[in-house]
Amino acid sequence: MVVLNRIYTRTGDSGTTALASGERRSKADLRVETYGTVDETNACLGLARLHTTGELDAMLGRMQNDLFDLGADLATPETGEPLAYEPLRIVAAQVERVEREIDALNAGLSPLRSFVLPGGSPAAAALHLARTVCRRAERLAVALAATPGETVSPVAIQYLNRLSDFLFVAARVANDGGAADVLWVPGKTRT
């Protein structure tokens, strides 16, 4: 259980932060940027939830919890050294649950004939914003995984990839089941 009695510690005043292992890293470090962007994605989901209800809202709530798991995963890099605790990791079952939720939402949508512009309803706009932030988190996780000396679980990257797909489908659902989607019209504004 996490206990936060004091919010400020002054330990980050020099521009560093601690990973779960206690190792200090620059706040500009790619790993810190990656889990910070996962946190930003989570905040976007919280914003989107102001405009959702029912099962969609429940799904987003589960995903917010998953994103805290993912942040913990990324903040605890695999070093091969034993830890005094079992680190929290994103697992395949979480990815599979998101896939099932995508399939359930997508079943009621008509096929797309064009790309969708972000917007429509407030819920859809917020979900599209969350999707784009999630894609950035995914790109950062991929870059981190490609960095010598760094490890990122392939399942963590899969989770981010599925989550962004889910957010796209959820935005369509929030747009009256896709009926209120704003479609891209190629070349529409050319003069």
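This section describes the fold, surface and salt bridges of a predicted model.

The chain contains five helices and four strands. In sequence order these elements follow the pattern β-β-α-α-α-β-α-α-β, with two strands ahead of the opening run of helices and a strand at the end of the series. The C-alpha trace spans about 55 × 40 × 35 Å along its principal axes. Of the 191 residues in the chain, 40% are buried. Among contacts with a separation of 6 or more, 70% are accounted for by residues 24 or more positions apart.

The exposed area of the chain is about 10700 Å², and 57% of this area is supplied by carbon and sulfur atoms. One nonpolar surface patch, of about 390 Å², is made by F115, L117, V182 and W184. Within this patch, F115 belongs to the loop between helix 3 (92-106) and strand 3 (116-117). The relative accessible area of F115 is 61%, and F115 is therefore classed as exposed, the cut-off being over 50%.

As for charged groups, the chain carries 20 positive and 23 negative charges. The mean positions of the two sets are 6 Å apart. The count of salt bridges comes to 16.

One of these salt bridges joins D29 and R25, with the closest N and O atoms 3.1 Å apart. Both D29 and R25 are buried. Another salt bridge is formed by D73 and R89, where the closest N and O atoms are 3.1 Å apart. This pair links distant parts of the chain, since D73 lies in helix 2 and R89 in the loop between helix 2 and helix 3, 16 residues apart. The two partners fall into separate accessibility classes: D73 has a relative accessible area of 5% and is buried, whereas R89, at 23%, is partly exposed. The value for R89 lies above the 20% limit for burial and does not reach the range over 50%, so R89 is placed in the intermediate class.

Within helix 3, R97 forms a salt bridge with E101, the closest N and O atoms being 3.7 Å apart. The two residues are four positions apart in this helix, about one turn. R97 has a relative accessibility of 16% and therefore counts as buried, the limit being under 20%. E101 is also buried, with a relative accessible area of 8%. Elsewhere, salt bridges that share partners join E23, R25, D29, R31 and E150 into one network. The D29 and R25 pair described above belongs to this network.

A further acidic residue, D57, is located in helix 2 (residues 54-74), the helix that also holds D73. The relative accessibility of D57 is 18%, and D57 is buried because this value is under 20%. When neighbours within four places in sequence are left aside, D57 is in contact with R49 and T52. The C-alpha atoms of D57 and L183 are separated by 25 Å, and these two residues are 126 residues apart along the chain.

Definitions and conventions: Residues numbered from 1 in each chain as written. Predicted model: local features only at pLDDT ≥ 70, side-chain atom pairs only at ≥ 80, totals over all residues. Heavy atoms only, no water. Buried < 20%, exposed > 50% of the residue type's maximum accessible area, 1.4 Å probe, protein only. Contact = heavy atoms within 4.5 Å. Areas by Shrake-Rupley, 256 points an atom, 1.4 Å probe, with all protein chains shown as cover. Lys, Arg positive; Asp, Glu negative; His and termini not counted. Charge placed at Lys NZ, Arg CZ, Asp CG, Glu CD. Patch = residues over 30% accessible without salt bridge, like charges linked within 9 Å, V, L, I, M, F, W, Y side chains within 5 Å. Salt bridge = Lys/Arg side-chain N within 4 Å of Asp/Glu carboxyl O.
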